[in-house]
Amino acid sequence: LVSWTALLNAFAQRGELHRAEKLFEGMKERTLVSCNIMLAAYGQTSCLEQATRLFQLMQRWDLISWNTMLAAYTQHGRLGEAKQLFDSMPERSLASWTTMLGACAQSARLEEAKSLFDRMQLWDLVAWNAMLSAYAQSGYLEEARRMFESMKERNLISYTAMLSAYAQNNQLWEAMSVFESMECRNQVSWNAMLSAYAENGHLQEAKSVFSGMEDRSVASWNSLVTAYAHNKRVASAIRTFHEMKQTAEPDDISLVCMLRACIHTGNVDAGRQAFVSMVLDYRLQPTKQHYSCMIDLLAKGGYIVDARELIATMPFVPE
RNA sequence: CCUCGCACUAUGG
(Lines give C-alpha, C1' and ligand atoms only; values in the text may rest on other atoms or scores of the structure.)
Protein backbone atom coordinates (compact mmCIF):
# COMPACT_ATOMS: atom_id res chain seq x y z
CA LEU A 1 0.00 0.00 0.00
CA VAL A 2 2.81 2.34 0.85
CA SER A 3 4.52 1.77 -2.48
CA TRP A 4 1.27 2.33 -4.33
CA THR A 5 0.93 5.53 -2.45
CA ALA A 6 4.45 6.49 -3.39
CA LEU A 7 3.67 5.76 -7.03
CA LEU A 8 0.55 7.87 -6.82
CA ASN A 9 2.64 10.66 -5.45
CA ALA A 10 5.16 10.32 -8.23
CA PHE A 11 2.44 10.78 -10.83
CA ALA A 12 1.00 13.69 -8.94
CA GLN A 13 4.36 15.44 -8.60
CA ARG A 14 5.10 15.10 -12.29
CA GLY A 15 1.74 16.55 -13.19
CA GLU A 16 0.49 13.29 -14.69
CA LEU A 17 -2.93 13.96 -13.34
CA HIS A 18 -4.77 11.40 -15.41
CA ARG A 19 -2.50 8.54 -14.41
CA ALA A 20 -2.77 9.59 -10.81
CA GLU A 21 -6.56 9.66 -11.09
CA LYS A 22 -6.68 6.21 -12.63
CA LEU A 23 -4.47 4.76 -9.96
CA PHE A 24 -6.41 6.48 -7.23
CA GLU A 25 -9.73 5.24 -8.54
CA GLY A 26 -8.39 1.70 -8.74
CA MET A 27 -7.09 1.67 -5.22
CA LYS A 28 -9.12 -0.60 -2.96
CA GLU A 29 -8.69 1.47 0.13
CA ARG A 30 -8.29 5.17 0.02
CA THR A 31 -6.18 6.25 2.88
CA LEU A 32 -5.95 9.72 4.21
CA VAL A 33 -2.51 10.02 2.70
CA SER A 34 -3.62 9.09 -0.79
CA CYS A 35 -6.54 11.47 -0.57
CA ASN A 36 -4.17 14.21 0.45
CA ILE A 37 -1.95 13.47 -2.51
CA MET A 38 -4.86 13.72 -4.94
CA LEU A 39 -6.03 16.86 -3.25
CA ALA A 40 -2.62 18.42 -3.79
CA ALA A 41 -2.55 17.21 -7.39
CA TYR A 42 -5.85 18.92 -8.11
CA GLY A 43 -4.83 22.02 -6.24
CA GLN A 44 -1.62 22.50 -8.17
CA THR A 45 -3.31 22.22 -11.55
CA SER A 46 -6.31 24.17 -12.67
CA CYS A 47 -8.78 21.78 -11.06
CA LEU A 48 -9.96 23.67 -8.04
CA GLU A 49 -13.45 22.29 -8.46
CA GLN A 50 -12.22 18.72 -8.28
CA ALA A 51 -10.18 19.58 -5.23
CA THR A 52 -13.14 20.99 -3.35
CA ARG A 53 -15.28 18.06 -4.39
CA LEU A 54 -12.75 15.54 -3.15
CA PHE A 55 -12.28 17.53 0.03
CA GLN A 56 -15.98 17.36 0.75
CA LEU A 57 -16.17 13.68 -0.06
CA MET A 58 -13.34 12.74 2.24
CA GLN A 59 -14.27 10.86 5.37
CA ARG A 60 -11.64 12.31 7.59
CA TRP A 61 -9.18 15.15 7.47
CA ASP A 62 -5.90 15.85 9.14
CA LEU A 63 -3.76 18.94 9.36
CA ILE A 64 -2.18 18.16 6.01
CA SER A 65 -5.59 17.92 4.35
CA TRP A 66 -6.56 21.32 5.67
CA ASN A 67 -3.26 22.83 4.64
CA THR A 68 -3.44 21.30 1.20
CA MET A 69 -6.92 22.62 0.60
CA LEU A 70 -5.79 25.98 1.89
CA ALA A 71 -2.92 26.02 -0.60
CA ALA A 72 -5.28 25.01 -3.39
CA TYR A 73 -7.38 28.07 -2.67
CA THR A 74 -4.46 30.45 -2.47
CA GLN A 75 -2.86 29.14 -5.63
CA HIS A 76 -6.04 30.01 -7.44
CA GLY A 77 -6.19 33.46 -5.93
CA ARG A 78 -9.21 32.64 -3.77
CA LEU A 79 -8.16 34.61 -0.74
CA GLY A 80 -11.67 34.85 0.68
CA GLU A 81 -12.25 31.12 0.72
CA ALA A 82 -8.76 30.57 2.06
CA LYS A 83 -9.38 32.93 4.94
CA GLN A 84 -12.63 31.23 5.74
CA LEU A 85 -10.97 27.85 5.81
CA PHE A 86 -8.04 29.15 7.82
CA ASP A 87 -10.35 30.56 10.46
CA SER A 88 -12.41 27.40 10.71
CA MET A 89 -9.55 24.91 10.82
CA PRO A 90 -9.46 22.96 14.06
CA GLU A 91 -5.70 23.31 14.28
CA ARG A 92 -2.98 25.18 12.43
CA SER A 93 0.66 24.55 11.80
CA LEU A 94 3.50 26.71 10.60
CA ALA A 95 2.59 25.64 7.07
CA SER A 96 -0.93 27.01 7.48
CA TRP A 97 0.33 30.37 8.60
CA THR A 98 2.98 30.52 5.90
CA THR A 99 0.44 29.67 3.22
CA MET A 100 -1.78 32.53 4.32
CA LEU A 101 1.18 34.87 4.54
CA GLY A 102 2.12 34.14 0.94
CA ALA A 103 -1.45 34.52 -0.21
CA CYS A 104 -1.72 37.97 1.33
CA ALA A 105 1.56 39.02 -0.22
CA GLN A 106 0.41 37.86 -3.64
CA SER A 107 -2.79 39.82 -3.31
CA ALA A 108 -0.83 42.97 -2.54
CA ARG A 109 -1.82 42.96 1.12
CA LEU A 110 1.57 43.38 2.65
CA GLU A 111 0.23 44.75 5.92
CA GLU A 112 -1.85 41.64 6.46
CA ALA A 113 1.08 39.45 5.58
CA LYS A 114 3.25 41.21 8.12
CA SER A 115 0.58 40.96 10.75
CA LEU A 116 0.26 37.22 10.18
CA PHE A 117 4.01 36.93 10.48
CA ASP A 118 3.96 38.79 13.77
CA ARG A 119 1.15 36.68 15.12
CA MET A 120 2.90 33.40 14.43
CA GLN A 121 3.99 31.57 17.55
CA LEU A 122 7.19 30.31 16.09
CA TRP A 123 9.12 30.81 12.92
CA ASP A 124 11.22 28.57 10.78
CA LEU A 125 13.35 29.22 7.74
CA VAL A 126 10.41 28.79 5.39
CA ALA A 127 8.42 31.41 7.26
CA TRP A 128 11.33 33.83 7.18
CA ASN A 129 11.80 33.22 3.48
CA ALA A 130 8.12 33.79 2.85
CA MET A 131 8.22 37.13 4.63
CA LEU A 132 11.39 38.07 2.78
CA SER A 133 9.71 37.39 -0.57
CA ALA A 134 6.61 39.19 0.56
CA TYR A 135 8.69 42.32 1.01
CA ALA A 136 10.55 41.69 -2.21
CA GLN A 137 7.41 41.16 -4.27
CA SER A 138 5.82 44.29 -2.84
CA GLY A 139 8.80 46.39 -3.76
CA TYR A 140 10.01 46.95 -0.21
CA LEU A 141 13.64 46.42 -1.00
CA GLU A 142 14.99 47.95 2.17
CA GLU A 143 12.77 45.81 4.40
CA ALA A 144 13.72 42.75 2.40
CA ARG A 145 17.38 43.55 2.80
CA ARG A 146 17.01 44.08 6.53
CA MET A 147 15.20 40.80 6.92
CA PHE A 148 17.82 39.00 4.87
CA GLU A 149 20.63 40.46 6.95
CA SER A 150 18.96 39.61 10.22
CA MET A 151 18.20 35.99 9.39
CA LYS A 152 20.16 33.60 11.54
CA GLU A 153 20.13 30.97 8.85
CA ARG A 154 19.68 31.16 5.13
CA ASN A 155 19.32 28.69 2.37
CA LEU A 156 19.37 28.73 -1.39
CA ILE A 157 15.85 30.10 -1.47
CA SER A 158 16.71 33.03 0.76
CA TYR A 159 19.58 33.99 -1.50
CA THR A 160 17.59 33.62 -4.68
CA ALA A 161 14.76 35.72 -3.31
CA MET A 162 17.17 38.45 -2.31
CA LEU A 163 18.91 38.31 -5.65
CA SER A 164 15.74 38.96 -7.60
CA ALA A 165 14.62 41.61 -5.16
CA TYR A 166 17.73 43.58 -6.07
CA ALA A 167 17.36 42.81 -9.75
CA GLN A 168 13.77 44.01 -9.87
CA ASN A 169 14.82 47.25 -8.24
CA ASN A 170 17.54 47.91 -10.77
CA GLN A 171 20.34 47.08 -8.38
CA LEU A 172 22.25 44.80 -10.68
CA TRP A 173 25.51 45.11 -8.77
CA GLU A 174 23.92 44.05 -5.53
CA ALA A 175 22.21 41.19 -7.30
CA MET A 176 25.52 40.05 -8.71
CA SER A 177 27.17 40.19 -5.34
CA VAL A 178 24.42 38.08 -3.79
CA PHE A 179 24.88 35.59 -6.58
CA GLU A 180 28.62 35.48 -6.03
CA SER A 181 28.22 35.03 -2.30
CA MET A 182 26.09 31.93 -2.72
CA GLU A 183 27.66 28.75 -1.50
CA CYS A 184 25.65 26.60 -3.89
CA ARG A 185 23.42 27.30 -6.85
CA ASN A 186 20.71 25.51 -8.68
CA GLN A 187 18.77 26.03 -11.86
CA VAL A 188 16.38 28.51 -10.28
CA SER A 189 19.20 30.71 -9.01
CA TRP A 190 20.85 30.67 -12.42
CA ASN A 191 17.55 31.65 -13.98
CA ALA A 192 17.25 34.47 -11.50
CA MET A 193 20.67 35.74 -12.50
CA LEU A 194 19.82 35.39 -16.17
CA SER A 195 16.75 37.55 -15.85
CA ALA A 196 18.58 39.95 -13.57
CA TYR A 197 20.88 40.74 -16.46
CA ALA A 198 18.04 40.80 -18.96
CA GLU A 199 15.85 43.12 -16.89
CA ASN A 200 18.71 45.52 -16.43
CA GLY A 201 19.53 45.86 -20.07
CA HIS A 202 22.46 43.46 -20.30
CA LEU A 203 21.36 41.16 -23.08
CA GLN A 204 24.86 39.95 -23.80
CA GLU A 205 25.48 38.80 -20.23
CA ALA A 206 22.04 37.23 -20.10
CA LYS A 207 22.84 35.27 -23.22
CA SER A 208 26.12 34.05 -21.85
CA VAL A 209 24.48 32.90 -18.61
CA PHE A 210 21.95 31.08 -20.74
CA SER A 211 24.51 29.33 -22.87
CA GLY A 212 26.60 28.43 -19.87
CA MET A 213 23.76 26.70 -18.10
CA GLU A 214 23.90 22.95 -17.69
CA ASP A 215 20.21 22.44 -18.22
CA ARG A 216 17.56 24.96 -19.07
CA SER A 217 14.00 25.03 -17.85
CA VAL A 218 11.02 26.64 -19.55
CA ALA A 219 11.65 29.65 -17.34
CA SER A 220 15.16 30.04 -18.79
CA TRP A 221 13.80 29.97 -22.33
CA ASN A 222 10.97 32.33 -21.51
CA SER A 223 13.39 34.80 -19.99
CA LEU A 224 15.52 34.75 -23.09
CA VAL A 225 12.55 35.25 -25.40
CA THR A 226 11.52 38.26 -23.36
CA ALA A 227 15.06 39.58 -23.19
CA TYR A 228 15.26 39.62 -26.98
CA ALA A 229 11.86 41.21 -27.35
CA HIS A 230 12.69 43.99 -24.92
CA ASN A 231 15.80 44.72 -26.91
CA LYS A 232 13.83 44.91 -30.15
CA ARG A 233 15.39 41.73 -31.45
CA VAL A 234 12.06 40.23 -32.28
CA ALA A 235 13.36 37.87 -34.94
CA SER A 236 15.68 36.34 -32.36
CA ALA A 237 12.84 36.14 -29.88
CA ILE A 238 10.70 34.22 -32.34
CA ARG A 239 13.58 31.97 -33.30
CA THR A 240 14.23 31.26 -29.62
CA PHE A 241 10.59 30.37 -29.03
CA HIS A 242 10.76 27.73 -31.74
CA GLU A 243 14.17 26.51 -30.67
CA MET A 244 12.84 25.88 -27.19
CA LYS A 245 10.50 23.18 -28.46
CA GLN A 246 13.39 20.88 -29.20
CA THR A 247 14.40 20.47 -25.60
CA ALA A 248 11.65 21.88 -23.44
CA GLU A 249 7.90 21.97 -23.28
CA PRO A 250 6.62 25.50 -23.85
CA ASP A 251 3.95 26.53 -21.38
CA ASP A 252 1.26 29.17 -21.08
CA ILE A 253 3.82 31.80 -20.14
CA SER A 254 5.94 30.95 -23.18
CA LEU A 255 3.02 31.78 -25.41
CA VAL A 256 2.48 35.11 -23.70
CA CYS A 257 6.16 35.95 -24.13
CA MET A 258 5.98 35.00 -27.77
CA LEU A 259 2.77 36.93 -28.45
CA ARG A 260 4.12 40.04 -26.79
CA ALA A 261 7.25 39.80 -28.90
CA CYS A 262 5.06 39.63 -32.00
CA ILE A 263 3.00 42.61 -30.86
CA HIS A 264 6.20 44.66 -30.75
CA THR A 265 6.70 44.44 -34.49
CA GLY A 266 3.20 43.64 -35.59
CA ASN A 267 4.19 40.16 -36.66
CA VAL A 268 0.64 38.89 -36.94
CA ASP A 269 1.32 35.66 -38.77
CA ALA A 270 3.98 34.41 -36.40
CA GLY A 271 1.72 35.15 -33.46
CA ARG A 272 -1.26 33.43 -35.02
CA GLN A 273 0.77 30.36 -35.84
CA ALA A 274 2.19 30.18 -32.35
CA PHE A 275 -1.26 30.45 -30.82
CA VAL A 276 -2.72 27.70 -32.99
CA SER A 277 0.28 25.47 -32.58
CA MET A 278 0.23 25.75 -28.81
CA VAL A 279 -3.39 24.70 -28.75
CA LEU A 280 -3.01 21.86 -31.20
CA ASP A 281 0.47 20.57 -30.44
CA TYR A 282 0.65 21.20 -26.72
CA ARG A 283 -3.02 21.06 -25.78
CA LEU A 284 -2.75 24.45 -24.17
CA GLN A 285 -5.98 25.93 -22.87
CA PRO A 286 -5.74 29.58 -23.86
CA THR A 287 -6.46 31.99 -21.06
CA LYS A 288 -7.98 35.44 -21.05
CA GLN A 289 -4.48 36.80 -21.22
CA HIS A 290 -3.73 34.89 -24.40
CA TYR A 291 -6.88 36.15 -26.04
CA SER A 292 -6.19 39.70 -25.05
CA CYS A 293 -2.70 39.41 -26.54
CA MET A 294 -4.14 38.00 -29.75
CA ILE A 295 -6.74 40.75 -29.98
CA ASP A 296 -4.05 43.33 -29.35
CA LEU A 297 -1.88 41.77 -32.01
CA LEU A 298 -4.65 41.59 -34.61
CA ALA A 299 -5.94 45.08 -33.93
CA LYS A 300 -2.52 46.70 -34.03
CA GLY A 301 -1.74 44.84 -37.22
CA GLY A 302 -4.82 46.30 -38.84
CA TYR A 303 -6.91 43.14 -38.75
CA ILE A 304 -9.84 44.82 -37.09
CA VAL A 305 -12.43 42.42 -38.45
CA ASP A 306 -10.49 39.40 -37.22
CA ALA A 307 -10.03 41.02 -33.84
CA ARG A 308 -13.76 41.61 -33.53
CA GLU A 309 -14.48 38.09 -34.58
CA LEU A 310 -12.11 36.72 -31.98
CA ILE A 311 -13.80 38.79 -29.29
CA ALA A 312 -17.14 37.41 -30.39
CA THR A 313 -16.04 33.79 -30.44
CA MET A 314 -13.65 33.54 -27.53
CA PRO A 315 -14.80 31.56 -24.51
CA PHE A 316 -14.58 34.53 -22.18
CA VAL A 317 -16.78 37.46 -21.42
CA PRO A 318 -15.19 40.57 -22.92
CA GLU A 319 -14.30 43.24 -20.39
C1' C B 1 7.62 4.24 5.67
C1' C B 2 4.22 7.71 1.69
C1' U B 3 1.14 13.42 1.57
C1' C B 4 1.07 20.16 3.08
C1' G B 5 3.80 26.00 3.36
C1' C B 6 8.93 29.69 0.96
C1' A B 7 12.84 31.40 -4.28
C1' C B 8 13.50 32.11 -10.89
C1' U B 9 10.30 33.37 -16.34
C1' A B 10 4.92 36.81 -18.95
C1' U B 11 1.15 40.41 -17.73
C1' G B 12 -0.95 43.42 -14.26
C1' G B 13 -0.76 45.91 -9.79
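**A walk through chain A and RNA strand B**

Let's begin with one residue: L125 is buried, with a relative accessible area of 16%. The cut-off for buried is under 20%, so L125 falls on the buried side. Before we go further, please keep in mind that this is a predicted model.

So where does L125 sit? Its place is in helix α9, which covers residues 125-137. And what is around L125? If we skip the neighbours within four places in sequence, L125 is in contact with M151, E153, R154, N155 and S158. Take M151 from that list: 26 residues separate L125 and M151 in sequence, and in space their C-alpha atoms are 8.5 Å apart.

Now let's step back and look at the whole chain. How many helices and how many strands does chain A have? The secondary structure comes to 20 helices and 0 strands. The radius of gyration of chain A is 22 Å, close to the 20 Å that the globule rule gives for 319 residues, so chain A is as compact as a globular protein of that length. If you would like some dimensions to picture, the C-alpha trace spans about 55 × 50 × 40 Å along its principal axes.

What share of chain A is buried? Of the 319 residues, 47% are buried. The chain exposes about 17,500 Å², and carbon and sulfur atoms supply 51% of that area. For the contacts, consider those between residues at least 6 apart in sequence: 51% of them join residues at least 24 apart.

On to the partner, RNA strand B. Which residues come closest to the strand? In total, 40 residues surround RNA strand B, and the closest are N36, N67, N129, N191 and N222. Of the RNA atoms that come within 4 Å of the protein, sugar and phosphate account for 44%. The protein surface near RNA strand B divides into 16 nonpolar, 22 polar and 2 charged residues.

Let me point out three individual approaches to the strand. At T99, a polar backbone atom is 3.2 Å from a sugar or linking oxygen of RNA strand B. At S223, a polar side-chain atom lies 3.3 Å from a sugar or linking oxygen of the strand. At Q168, an N or O atom of the side chain is 3.3 Å from a phosphate oxygen of RNA strand B.

N67 was among the closest residues to the RNA, and we can follow N67 back into the protein. The side chains of N67 and S93 are joined by a polar contact of 3.1 Å. S93 itself lies in the loop between α6 (79-88) and α7 (94-106). Leaving out neighbours within four places in sequence, S93 is in contact with L63 and N67.

Here is another pair to find on your screen: K245 and S277. K245 is in the loop between α16 (234-244) and α17 (252-265), while S277 is in helix α18, residues 268-282. Are these two buried or exposed? S277 is buried at a relative accessible area of 14%, whereas K245 is partly exposed at 25%. Not counting residues up to four places away in sequence, K245 touches P250, S277 and Y282. With that same kind of neighbour left out, S277 touches K245 and Y282. K245 also has a distance worth tracing: V218 is 27 residues away in sequence, with 9.6 Å between the two C-alpha atoms.

What about a tryptophan at the surface? W173 lies in helix α12, residues 172-181, and counts as exposed at 69% relative accessibility. W173 and A196 are 23 residues apart in sequence, and 9.9 Å apart from C-alpha to C-alpha.

Last, a look at the backbone. Most residues other than glycine have a negative phi. Which residues here have a positive phi without being glycine? One of them is A108, with phi near 60 degrees. A108 is found in the loop between α7 and α8 (110-119), and at 68% relative accessibility A108 counts as exposed. Another is R283, whose phi is about 50 degrees. R283 lies in the loop between α18 and α19 (288-300) and is exposed, with a relative accessible area of 72%.

To close, let's go back to where we started: find L125 in helix α9, then trace the contact from L125 to M151. Thanks for listening!

Notes
Residues are numbered from 1 along each chain as its sequence is written. Chains are lettered from A and ligands numbered from 1 in the order in which they are written. This is a predicted model: local features need pLDDT of at least 70, side-chain atom pairs count only at pLDDT 80 or more; totals for chains, interfaces and linings use all residues. Side-chain values use heavy atoms; hydrogens and water are left out. A residue is near a molecule or strand if one of its heavy atoms lies within 4 Å of it. A polar contact is a pair of N or O atoms within 3.5 Å; within protein, one must be able to donate a hydrogen and the other to accept it, and residues adjacent in sequence count only if both atoms are side-chain atoms. Ala, Val, Leu, Ile, Met, Phe, Trp, Tyr, Cys and Pro count as nonpolar, Asp, Glu, Lys and Arg as charged, and the others, Gly among them, as polar. Helices (H or I, at least four residues) and strands (E, at least two) are DSSP runs, numbered from the N terminus. Buried means under 20% relative accessible area, exposed over 50%, partly exposed in between (1.4 Å probe, protein chains only). Contact means heavy atoms within 4.5 Å. The radius of gyration is taken over C-alpha atoms; the globule rule is 2.2 Å times the number of residues to the power 0.38. Accessible areas come from the Shrake-Rupley method with a 1.4 Å probe; for residues, only the protein chains shown count as cover.
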